[in-house]
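Trainee: Could you walk me slowly through one part of this chain, and then show me what else is worth a look? I'm new to this, so plain words, please.

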Amino acid sequence: MSLSLRSVGLLALGLTLLTACGSPGTGGSSPSPAPATTDAAPTESPLPASPSPSPTTSPEPTPSPTGGANSADLAGQRIVYSYPGTTPPAALLQRIREGRVAGVIFFAENVGSDPSVLRTAVNQLRQAEQQSPHPRPLLLMTDQEGGLVRRLPGGPAQSAKDVGRAADPIAAATATGNQAAATLTGFGLNLNLAPVLDVYRTPGDFADSAQRSYSTDPAVVGKLGSAFIKAQQGAGVAATAKHFPGLGSAPAGANTDEEPVTLTVPLNQLRSVDERPYQDAVAAGVELVMLAWAIYPALDPGTPAGLSGTVVHDELRTRLNYQGVTVTDALEAKALDPVGGTDKRALAVARAGVDLILCSARDVGQGDQAAAALAGALDSGDLDRDDFTASADRVDALRDSLK
């Protein structure tokens, strides 16, 4: 990546948040309490209606190894690793040399007090990538949303809420997309787990508490998120729309990083409000979509969205015609505690059809566990090899399109 919700660590003047996608912590939900659920219709947007969604075009991968890849190689191609501290562990560098890592997610602790440390680490990772059997750019990512949620020193200083209140919101969204891209490329990164497309409901609710939502109006959120996406991707950094199908109805304190969350939004509201901004994002060609860990009974009674084939295939792939890469929120989120450990979570993600698994616990062993579970299930026939390979190929196509 989520959203992808770890503890929010604010560094001075917008340096970085210690969370991931969802919350300001990881790539899934949101940092602080989420917006309270309401059924009130959103106000009319002053912005023009968004275009109908069109399929996301993914570049064709260079000769892919997946056709004849063994199970361990295939599994690794769907895992995003993380590590503690400022120095990439030898074990991670070795996995990369083996061609068994899709990408790496970075947090504030990986930056430290000297920005040159992260650049050195990225160079080490890229050198290892060039030694792999089929060299292609790693997906090197972080959460650089803007405002409070920034893992790297640099812009954008404006939060999504600041952008939504700007005199010229489209211009502000475009500027923040460019600033995010400039910050990431300055460190050698190529993928941002942003923007957040959650449509918040009331001031101070989950999505609004850290100013991560552009507006209470889904049309505005879609327009501004798409402007951010186009600017950032135009500068060579892949964007991630999160957290599908939307965490905007979550009440304050409903954090999937910390506990299971169920959002009882009626289906018509879920589609007309929460999923509405994704139509614009898909039309804008967003490269990735992050799935939320919340449960949406209107779609699937007891399964978190990122583990639900109904949500991933029926809603996102079929109804919204999204053809790009999908990514989980943080795999270690406590919302998944009822599912079991890392192995069971990884298998559930793969069965649901999500392409990338975000192992963001700052532990190389977490990624290894997930990869081992996937490889074993491929060997036993518990996972369909053709479907699994199609996901790996989507990831490879994305990697081939980046630097």
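Mentor: Let's begin with the vocabulary: helices (H or I, at least four residues) and strands (E, at least two) are DSSP runs, numbered from the N terminus. Keep in mind, too, that this is a predicted model.

Start at strand 7, which covers residues 240-244 and holds His-243. The peptide bond between Lys-242 and His-243 is cis, with omega at about 5°. Move a little further along the chain and you meet another one: Phe-244 and Pro-245 are joined by a cis peptide bond, with omega at about 0°. Pro-245 sits in the loop that runs between strand 7 and helix 9, and helix 9 spans 267-274.

Now follow the chain to helix 9 and its partner. Two packed helices are described by the angle between their axes and the distance between the axes. Helix 9 packs against helix 10 (residues 276-283) at an angle of about 40°, and their axes are 4 Å apart. Because angles under 35 degrees count as roughly parallel and 65 to 115 as roughly perpendicular, helix 9 is oblique to helix 10. On the helix 9 side, the residues that meet helix 10 are Arg-271, Ser-272, Val-273 and Asp-274, and on the helix 10 side they are Arg-276, Pro-277 and Tyr-278. Sorted by class, this contact has three charged residues, three nonpolar ones and one polar one.

How much of helix 10 is covered? Mostly, it is: of its eight residues, seven are buried. The buried ones are Arg-276, Pro-277, Tyr-278, Gln-279, Asp-280, Ala-281 and Val-282. As for what lies over them, the cover includes helix 9, helix 8, strand 7 and strand 8 (288-291). So strand 7, where we started, turns up again as part of that cover. Just after helix 10 comes Gly-285, with a positive phi of about 85°.

While we're on positive phi, have a look at some residues that are not glycine. Gln-211 has a phi near 60°, and its place is the loop between helix 7 (206-209) and helix 8 (218-234). Its relative accessibility is 30%, so Gln-211 counts as partly exposed. Arg-362 isn't a glycine either, yet its phi is positive at about 60°. You'll find Arg-362 in the loop between strand 10 (356-358) and helix 13 (364-380). Here the relative accessible area is 16%, so Arg-362 is buried.

Helix 13 leads us to the interior. In soluble globular proteins, nonpolar side chains tend to be buried together. Here the largest nonpolar core has 96 residues, and Leu-92, Phe-106, Leu-125, Tyr-296 and Leu-374 have the most contacts inside it. Helix 13 gives this core its largest share, eight residues. Leaving out residues up to four places away in sequence, Leu-374 touches Ala-75, Ile-79, Ala-346, Leu-347, Ala-350, Ile-357, Leu-383 and Phe-388. There is also a second, separate core of 18 residues, with Leu-191, Ala-238, Val-325 and Leu-358 among them.

One last stop: Arg-126, in helix 4 (residues 115-130). Its side chain reaches the backbone oxygen of Lys-403 at 3.1 Å. Setting aside neighbours within four places in sequence, Arg-126 is in contact with Pro-137, Leu-140, Gly-188, Asn-190 and Lys-403.

Key
Residues are numbered from 1 along each chain as its sequence is written. This is a predicted model: local features need pLDDT of at least 70, side-chain atom pairs count only at pLDDT 80 or more; totals for chains, interfaces and linings use all residues. Side-chain values use heavy atoms; hydrogens and water are left out. Buried means under 20% relative accessible area, exposed over 50%, partly exposed in between (1.4 Å probe, protein chains only). Axes are lines fitted to C-alpha atoms, for helices over the stretch in contact, and angles run from 0 to 180 degrees between N-to-C directions. Angles under 35 degrees count as roughly parallel, over 145 as roughly antiparallel, 65 to 115 as roughly perpendicular and the rest as oblique. Contact means heavy atoms within 4.5 Å. Ala, Val, Leu, Ile, Met, Phe, Trp, Tyr, Cys and Pro count as nonpolar, Asp, Glu, Lys and Arg as charged, and the others, Gly among them, as polar. A nonpolar core is a set of buried Ala, Val, Leu, Ile, Met, Phe, Trp, Tyr and Cys residues joined through side-chain atoms within 4.5 Å. A polar contact is a pair of N or O atoms within 3.5 Å; within protein, one must be able to donate a hydrogen and the other to accept it, and residues adjacent in sequence count only if both atoms are side-chain atoms.
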